[in-house]
Amino acid sequence: MLTDPLVAPTRTVPDDERLARAALSRIVEPGDEGAGLLLQRCGPIETAERLARGRDLPERLRRRAEGYQARAAVANPAADLERAARMGARLVCPGDRDWPTQLDDLGPITPTALWVRGDASLRLLALRSVAMVGARSCTAYGAHVAAELSAELADAAWVVVSGGAYGIDAAGHRGALSATGITVGVLACGVDEIYPRGHATLLARIAEQGLLVSELPLGAHPTRPRFLLRNRVIAALTRGTVVVEAARRSGALSTARHARDLNRLVMGVPGPVTSELSTGVHALLRSGAALVTDAAEIIEMVGGIGVDLAPTRRGPMLPRDALGRDTLEVLEAIPAGPLGAPVERLVRASGLPPDAVLQRLYELGSLELVERCGSHWRLV
């Protein structure tokens with residue numbers, strides 16, 4: 001069973017461990033199960049040292065020892081952390097307050113750490129999140145449906161997570177942003193890279209209003225295997241995955257398979273039976289995925305997952321003194337009463353910029369302290 005994600009880890013990751021995990025993000029490819037098993041057994045510092053030496057490695061890693069050594073020789077984790085800080089990014093490690101513990105369900109293929117660009121709390125945003133994935137070469141129907149679903153989810157204070165690609169991914173991100181919502185992009189490259197190139201403005205907006213996340217270090221470029229391995233993070237991070245348009249061999253189906261293997265909910269939006277882009281989704285539905293046609297049906301599914309990812313509780317989840325200063329200021333700015341206040345009023349009351357206020361509101365919404373009612377936010 002998962003650790004209760006509403007309870008923040010109390011352990012602080014030591015600096016030497018953070019440096020080791022930063023180095024491992026350069027040395028080890030995502031999804032390297034052999035390195036993951038070594039990491040579970042020996043911890044990040046010893047694992048990084050063994051891979052750098054190329055000695056004392058399990059048999060399954062020995063054939064790749066030279067590759068590990070070559071990468072370790074040019075790794076400079078301290079410089080990576082400094083560069084990330086300059087661009088508004090950080091490294092989130094297992095044991096950090098901001099680490100989403102549901103990622104640990106991936107076992108030996110859990111990311112060694114995550115590079116996160118943006119100011120919001122990844123752990124809190126993930127509490128009320130849904131993955132929206134599908135075909136890159138989608139139809140107008142698919143783009144419209146993904147955008148509408150994402151906007152409706154954002155209106156209900158749910159976070160939309162996707163991969164930043166063309167097609168359904170982009171439609172999902174844009175739909176959430178259009179509703180003044182929060183969206184998270186999980187990338188197959190470094191959080192400082194612009195890929196695809198045509199999404200420079202979109203990715204910048206996601207970083208400002210939400211988060212960009214990657215297990216790859218700064219400057220890393222996408223490859224076909226990295227796209228597929230990125231999908232396991234999307235599936236593990238969220239409560240459920242919605243697939244909108246996918247052919248039989250679509251990469252989006254790998255996200256659905258990971259979600260199913262992790263006992264997350266898998267949902268599909270039906271499409272025209274004459275379209276090749278409906279075949280993958282319809283196959284999912286025949287194999288047991290839930291059919292959904294609007295955000296209310298999605299929320300009905302993911303909202304009932306129960307104790308593992310989001311225990312149903314009433315009242316404050318954490319003492320107010322455990323909230324960050326900015327988060328507490330936004331909470332205190334919300335007036336009592338059923339009407340609440342719009343974001344613009346909370347910006348004036350808290351003195352924080354609009355994007356920061358919106359991020360804090362979604363964090364508070366994940367803790368069930370506030371709720372969204374159209375353009376207003378009110379206390380629960």
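## Phenylalanine 227 and its aromatic partner

Phenylalanine 227 counts as buried in this predicted model, since its relative accessibility of 18% falls under the 20% cut-off. It sits in helix 10 (residues 224-237), and its ring pairs with that of tyrosine 195. Ring centres lie 5.8 Å apart here, and the planes make an angle of 45°, so the pair is classed as tilted. Tyrosine 195 belongs to the loop between strand 5 (183-186) and helix 9. That puts the two partners 32 residues apart, and the pair links distant parts of the chain.

What about the exposure of tyrosine 195? At a relative accessible area of 38%, tyrosine 195 is partly exposed. The backbone has something to show here as well: the peptide bond from tyrosine 195 to proline 196 is cis, with omega near -5°. Proline 196 is in the loop between strand 5 and helix 9. For context, most peptide bonds are trans.

## The second aromatic pair

How many aromatic pairs does a search of the whole structure find? The count is two. Besides the pair already described, there is one between tyrosine 362 and tryptophan 377. Their ring centres are 5.4 Å apart and their planes are at 65°, so this pair is edge-to-face. Tyrosine 362 comes from helix 16 and tryptophan 377 from strand 12 (residues 376-379), so the pair ties together parts 15 residues apart in sequence. Both tyrosine 362 and tryptophan 377 are buried.

## Helix 9 and what it packs on

Helix 9 (residues 200-209) and helix 16 (residues 354-366) have axes that come within 8 Å and cross at roughly 65°. On the helix 9 side, Arg205, Glu208 and Gln209 make the contact; on the helix 16 side, Asp355, Leu358 and Gln359 do. What is the make-up of the contact of helix 9 with helix 16, in nonpolar, polar and charged residues? The split is one nonpolar, two polar and three charged.

Now for the buried residues of helix 9, which are Leu202, Leu203, Ile206, Ala207 and Gln209. Their packing partners include helix 16 and helix 8 (168-178). On the strand side, the buried residues of helix 9 pack against strand 2, strand 5 and strand 6 (211-214).

## Serine 121

Serine 121 is in the loop between strand 2 (114-117) and helix 6 (122-127). Is it buried or exposed? Serine 121 has a relative accessible area of 13%, so it is buried. Its side chain makes a polar contact with the side chain of aspartate 98, at 2.7 Å.

Leaving aside neighbours within four places in sequence, serine 121 is in contact with Arg90, Asp98, Leu211, Arg360 and Glu363.

## Valine 370 and strand 11

Valine 370 is found in strand 11 (residues 370-373). With 3% relative accessibility, valine 370 counts as buried. Once neighbours within four places in sequence are set aside, valine 370 has contacts that include Leu331, Ile334, Leu361, Leu364 and Gly365. Trp377, Arg378, Leu379 and Val380 are also among the residues in contact with valine 370. As for its distance from leucine 127, the C-alpha atoms of the two are separated by 14 Å, with their positions 243 residues apart along the chain.

## Two positive phi values

Most residues other than glycine have a negative phi. Alanine 157 goes the other way, with a positive phi of about 65°. Alanine 157 lies in the loop between helix 7 (140-155) and strand 4 (159-162), and is buried, with a relative accessible area of 6%.

Glutamate 368 also has a positive phi, near 60°. The loop between helix 16 and strand 11 is where glutamate 368 lies. Glutamate 368 is partly exposed, having a relative accessible area of 24%.

## The annotated stretch and threonine 101

UniProt lists residues 91-302 as "domain: Smf/DprA SLOG", in an unreviewed entry. Over residues 91-302 the chain is 39% helix and 17% strand, and the end C-alpha atoms are 28 Å apart.

Threonine 101 is in the loop between strand 1 (89-92) and strand 2. Its relative accessibility is 11%, so threonine 101 counts as buried. The C-alpha atoms of threonine 101 and arginine 378 are separated by 28 Å, and these two residues are 277 residues apart along the chain.

Definitions and conventions: Residues are numbered from 1 along each chain as its sequence is written. This is a predicted model: local features need pLDDT of at least 70, side-chain atom pairs count only at pLDDT 80 or more; totals for chains, interfaces and linings use all residues. Side-chain values use heavy atoms; hydrogens and water are left out. UniProt positions are given in the numbering used here, feature names are shortened, and annotations may be inferred rather than shown by experiment. Helices (H or I, at least four residues) and strands (E, at least two) are DSSP runs, numbered from the N terminus. Axes are lines fitted to C-alpha atoms, for helices over the stretch in contact, and angles run from 0 to 180 degrees between N-to-C directions. Contact means heavy atoms within 4.5 Å. Ala, Val, Leu, Ile, Met, Phe, Trp, Tyr, Cys and Pro count as nonpolar, Asp, Glu, Lys and Arg as charged, and the others, Gly among them, as polar. Buried means under 20% relative accessible area, exposed over 50%, partly exposed in between (1.4 Å probe, protein chains only). A polar contact is a pair of N or O atoms within 3.5 Å; within protein, one must be able to donate a hydrogen and the other to accept it, and residues adjacent in sequence count only if both atoms are side-chain atoms. Rings of Phe, Tyr and Trp (its six-membered ring) pair if their centres lie within 6.5 Å; planes under 30 degrees apart count as stacked, over 60 as edge-to-face and the rest as tilted.
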